Amino acid sequence: MNRNEITEQIVVARLARGLSWQELADAVGRPVLWTTSALLGQHPVPAELAKVLVEMLGLDESAVPVLAAPPMRRGWPASLAGMAPTDPTIYRFYEALQVYGGAIKELIHERFGDGIMSAINFSVDLQKKPHPSGDRVVVTFDGKFLPYQWVSARD
C-alpha cells in the first residue's frame, strides 16, 4: 500500500466514523493544522502516534510504517511549477501553502462548510514576535467566509 492509497483511506475513514480533524489532533496531542497536513501526506507521523490514529480510523496496521516514513512533499501540478516565485521571502509563502494548503482547505470546509475565504473582503496583518531562538514572523490572514451558493438555471 502506498502513501496516496493510505491518504484516500484516511479521508474516507474519517468521514465514515464521523471524526473531526480536531478530534484526531487531540488524540495525539498535536496541533490540528499539523495533524491534518500529516494525514494528508505532508509530514511523517511518529510511529507511536500513527498507531493511535490508525486504530481510531480503523485502518490496517500496515499503514503505520508508511505514515511514519518521510513523505515526498508535493505541491501543485508540474504544469504550475515554473510559476513558482523566485524571491526567497515570497517563495516561503508558496512553499508553506504547498505543505499546509490542503490542510487549511480541509479545515475551512469542516468548520464552515462548502465555500472559500474571501481575498476581497480581507485583511492581513504582520507582527514581529520576540523569541529566544530568534524573532518570529506572525502573519494573519483574515478573510470573510463565502459559501458556494449553487443555483439552478431556472433561478
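What follows is a chat about the two domains of a predicted model and its salt bridges.

Me: Hi! How is the chain divided into domains?

Reply: Hello! This is a predicted model, and its chain splits into domain 1, residues 3–68, and domain 2, residues 85–147.

Me: And how far apart do the C-alpha centres of the two lie?

Reply: The centres of domain 1 and domain 2 are 23 Å apart.

Me: How many residues are in contact between them?

Reply: On the domain 1 side there are 13 residues, in contact with 10 residues of domain 2.

Me: What area do they bury between them?

Reply: Domain 1 and domain 2 bury about 880 Å² between them, and 62% of that lies on carbon and sulfur atoms.

Me: Which three residues of domain 1 supply more of its buried area than any other three?

Reply: Those are Trp 21, Leu 33 and Gln 42, which together supply 43% of the area that domain 1 buries against domain 2.

Me: Nice. How many residue pairs are in polar contact between the domains?

Reply: Counting pairs with both residues at pLDDT 80 or more, there are six between domain 1 and domain 2.

Me: Which elements give two or more residues to the domain 1 side?

Reply: Two helices do: α2 (21–28) and α3 (32–39). Of the elements on that side, α3 gives the most, with five residues.

Me: How do the residues on that side divide into nonpolar, polar and charged?

Reply: The side of domain 1 that touches domain 2 has six nonpolar residues, six polar ones and one charged residue.

Me: Let's switch to salt bridges. How many does the structure hold?

Reply: The structure holds four. Two of them cross the interface of domain 1 and domain 2.

Me: Tell me about Arg 14 and Glu 110. What distance, N to O, do their side chains meet at?

Reply: Arg 14 and Glu 110 form a salt bridge at 2.7 Å, N to O. Arg 14 sits in helix α1 (residues 3–17) and Glu 110 in helix α7 (residues 88–112), so this pair ties together parts that are 96 residues apart in sequence.

Me: Is Arg 14 buried or exposed?

Reply: Arg 14 is buried, at 7% relative accessible area. Glu 110, its partner, is partly exposed at 29%.

Me: Which Glu does Arg 14 form a salt bridge with at 3.8 Å?

Reply: That is Glu 106, where the closest N and O atoms are 3.8 Å apart.

Me: Got it. Now for another pair: which residue forms a salt bridge with Arg 92?

Reply: Glu 95 does, with the closest N and O atoms 3.6 Å apart. These two are three residues apart in helix α7, so about one helical turn separates Glu 95 and Arg 92.

Me: What is the relative accessible area of Arg 92?

Reply: For Arg 92 the value is 46%, which makes it partly exposed. Glu 95 also counts as partly exposed, at 34% relative accessibility.

Me: And which residue forms a salt bridge with Lys 128?

Reply: Asp 135, with 3.4 Å between the closest N and O atoms. Lys 128 counts as exposed at 63% relative accessibility, while Asp 135 is partly exposed at 48%.

Me: Which residues do shared partners join into one network?

Reply: Arg 14, Glu 106 and Glu 110 are joined into one network by salt bridges that share partners.

Me: Great, thanks!

Conventions. Residues are numbered from 1 along each chain as its sequence is written. This is a predicted model: local features need pLDDT of at least 70, side-chain atom pairs count only at pLDDT 80 or more; totals for chains, interfaces and linings use all residues. Side-chain values use heavy atoms; hydrogens and water are left out. Domain bounds come from an automatic or database domain assignment. Contact means heavy atoms within 4.5 Å. Buried area is the accessible area (1.4 Å probe) that two parts lose on being put together, summed over both. A polar contact is a pair of N or O atoms within 3.5 Å; within protein, one must be able to donate a hydrogen and the other to accept it, and residues adjacent in sequence count only if both atoms are side-chain atoms. Helices (H or I, at least four residues) and strands (E, at least two) are DSSP runs, numbered from the N terminus. Ala, Val, Leu, Ile, Met, Phe, Trp, Tyr, Cys and Pro count as nonpolar, Asp, Glu, Lys and Arg as charged, and the others, Gly among them, as polar. Buried means under 20% relative accessible area, exposed over 50%, partly exposed in between (1.4 Å probe, protein chains only).
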